[in-house]
Amino acid sequence: MTMAIDLKGGAAPATLNERLLKRHDRRERTALSLLTAPGALLILVVLILPIGWLFWLSFFDASGEPTLANYARMLRPVYVKTFISTFQVAGLVTAACVLLGYPVAYLLSQLSERTAGILMIFVILPFWTSVLVRTYAWLVILQRTGLINTWLTGAGIIEEPMPLVHNLLGTVIGMVHVMLPFLILPLYASMRAIDPVLMRAAANCGATPAQAFRQVFLPLSLPGLAAGIGLVFVLCLGFFVTPALLGGGRVAMWAMQIADNIAVYGNWGAASALGVVLLAVTALILVVLRRIFKVDTFGGAR
Amino acid sequence: MLGRPATTTQITHLQRLWLYVLVGLVLAFLIIPCLIVIPMSFSGSQYLEFPPRSWSLQWYQAYLGSPEWRAATFVSFRVALLTTLLATVLGTIAAYGIARVRGLLPAAARGVFMLPMLVPLILVAIGCFFVYARLGLNGTILGLVLAHTVLALPFVVIAVSSGLASYDMNQERVAQSLGASRPWAFLTVTLPQIKLSVMSGALFAFVTSFDEVVVALFISSGENATLTRLMFANIRDQIDPTVAAISSLLIGLSVLLLVGSQLLRRGGERR
């Protein structure tokens, strides 16, 4: 019917179609955009609103009076100690992951796709295994009556069992095991993308293997490495399970402090403030990395 | 053999023998903890040992004979399957919407869907705990499924988006021009061609839910406690060899899922 009226008005068929197509286009865009609504709504209700609420809570004390005490409290020695310890653990774990993970990613990237694919199982199987299961395995290996201590005392190499777990050492070992795949996988992907011709060219120009690696390969692998480092460091900052089980209460971590504030003290204001700062630090690190290295820090993550 | 050049920069295998040894050690470090629990779980004595001096199935019997462990296993499977269903459906249609529309809005939507992966889990856990306390959702299956669905959505969206990136949307337009409605065109033309990506997203969703510990620690309890919650408490408070049996079963499950994901990937590459 509209068509008849429009034609009488003398509009050319082309403009008529244009208007109809535009309207159709708009309606289609709206309909397609709405497809994201159910998921986005769920994320809003279960994730964004609660965190907003926590943010709001962090500015009130237990009696409901507005206060900044929850943030001021973070300057107390016990909290400062937790922050330092968290950054220390995260730094140690990240450094260990780089030292252990870079050579693995490098060698795998130099092998044929087939061989690398087979060796990759060693990296991906832990990735698919529950963190809880792996943490339990480390406990079995490292504890006083665990494998290492039983073997070493049995062989007469040590008299007393060594304290390998329920301390910083055990926590770092367990965390490195969990984090290593997060470093190796994005790093491997970025190293695969480096054109091998460049290395041959460097050799042709007279570079020794070490020089070619240092001056050509290493700089080209840095963005992938930065993505891996950022991911591992950020995951370490908020890590709960492994430090809680392998730290034996001797390694104070940020996430555990948050959990304790709620489970032990029921102090929502303090827990919220800690959570807000953790989120801010996490976001800051990711944004800075993205700016500097132009990398999508979480693009390659599982 | 060892003196032969290993790369185009003419370094020999012998010269980088140290690299092979180091990588071998790191790979061993990665794989041993995943496998060592399995033989130990068949230990016949009262505590775990490696290698076991005698063999038995006692810890598996202890696991299957305990109503508590059985109930928790059932809860975990139920939550994981429901999460897989919900996250796969919501994530797939969202990824489709994001892929079809150009402009700022879908970019923003994509950002929202990546959020659950970026926010530290402990914060998700206490946020849920706090809000669920007001909604009466703590300790319920529904509460767990909703929280786990949010955690799983990024993985589904990433997997399906990568499938859609190599899919030619014009095929769907052809179907529509031949008279198919949009939903019908999606179901019969698009979905069959991205099904491997959807399935790998579903696999990620299942693992995300089934292995999730921190959120479950806070919001699951009583008869709706998950397997991971029970295991966490058990590992923290006592070292019960029953956990070794459960761990071995979970490792078996991981291997199955890993093989499944690799098959999906290989299928995707062949196409």
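At 0% relative accessibility, A:I43 counts as buried, and this residue makes a convenient place to enter the predicted model. A:I43 sits in helix α3 of chain A, which covers residues 37–57. Once its neighbours within four places in sequence are left aside, A:I43 is in contact with A:I48 of its own chain and with B:V112, B:F113, B:P116, B:V150 and B:L153 of chain B. A:D25 lies 18 residues away from A:I43 along the chain, and the C-alpha atoms of these two residues are separated by 28 Å.

Several of these partners lead straight into chain B. B:F113 and B:P116 belong to the residues with which helix α5(B) meets helix α7(B), and B:V150 and B:L153 are among those that α7(B) brings to this contact. The two helices span residues 104–118 and 141–165 of chain B respectively; their axes come within 7 Å and cross at roughly 125 degrees. An angle of this kind falls outside the ranges for parallel, antiparallel and perpendicular pairs, and α5(B) and α7(B) are therefore oblique to each other. Their crossing is left-handed. The full contact is made by B:R110, B:F113, B:M114, B:P116 and B:M117 on the side of α5(B), and by B:V150, B:L151, B:L153, B:P154, B:F155, B:V157, B:I158 and B:S161 on the side of α7(B). Sorted by class, these are eleven nonpolar residues, one polar and one charged.

A second helix pair joins the two chains. Helix α14 of chain A (residues 268–293) and helix α6 of chain B (residues 121–135) have axes that come within 10 Å and cross at roughly 140 degrees. This pair, α14(A) and α6(B), is therefore oblique as well, and α14(A) passes α6(B) in a left-handed crossing. From α14(A), the residues A:W268, A:A271, A:G275, A:V276, A:L278 and A:L279 meet B:I122, B:L123, B:I126, B:F129 and B:F130 of α6(B). The residues of this contact divide into ten nonpolar, one polar and no charged.

Stepping back to whole chains, chain A has 14 helices and zero strands. Its radius of gyration is 27 Å, whereas a compact globule of 302 residues would have a value near 19 Å. Along the principal axes, the C-alpha trace of chain A spans about 105 × 75 × 30 Å. Buried residues account for 46% of its 302 residues. Among contacts in chain A between residues at least 6 apart in sequence, 69% join residues at least 24 apart.

One loop residue of chain A also deserves a look. A:H166 lies between α8 (147–154) and α9 (168–192), and its phi is near 65 degrees, a positive value in a residue other than glycine. With 34% relative accessibility, A:H166 counts as partly exposed.

Chain B has twelve helices and zero strands. The radius of gyration of chain B is 23 Å, well over the 18 Å that the globule rule gives for 271 residues, so chain B is more spread out than a compact globule. Taken along the principal axes, its C-alpha atoms fill a box of roughly 70 × 70 × 30 Å. Of the 271 residues of chain B, 55% count as buried. For contacts in chain B between residues at least 6 apart in sequence, 64% join residues at least 24 apart.

Conventions. Residues are numbered from 1 along each chain as its sequence is written. Chains are lettered from A and ligands numbered from 1 in the order in which they are written. This is a predicted model: local features need pLDDT of at least 70, side-chain atom pairs count only at pLDDT 80 or more; totals for chains, interfaces and linings use all residues. Side-chain values use heavy atoms; hydrogens and water are left out. Axes are lines fitted to C-alpha atoms, for helices over the stretch in contact, and angles run from 0 to 180 degrees between N-to-C directions. Helices (H or I, at least four residues) and strands (E, at least two) are DSSP runs, numbered from the N terminus. Angles under 35 degrees count as roughly parallel, over 145 as roughly antiparallel, 65 to 115 as roughly perpendicular and the rest as oblique. A crossing is left-handed if the near helix is turned anticlockwise from the far one by less than a right angle, and right-handed if clockwise. Contact means heavy atoms within 4.5 Å. Ala, Val, Leu, Ile, Met, Phe, Trp, Tyr, Cys and Pro count as nonpolar, Asp, Glu, Lys and Arg as charged, and the others, Gly among them, as polar. The radius of gyration is taken over C-alpha atoms; the globule rule is 2.2 Å times the number of residues to the power 0.38. Buried means under 20% relative accessible area, exposed over 50%, partly exposed in between (1.4 Å probe, protein chains only).
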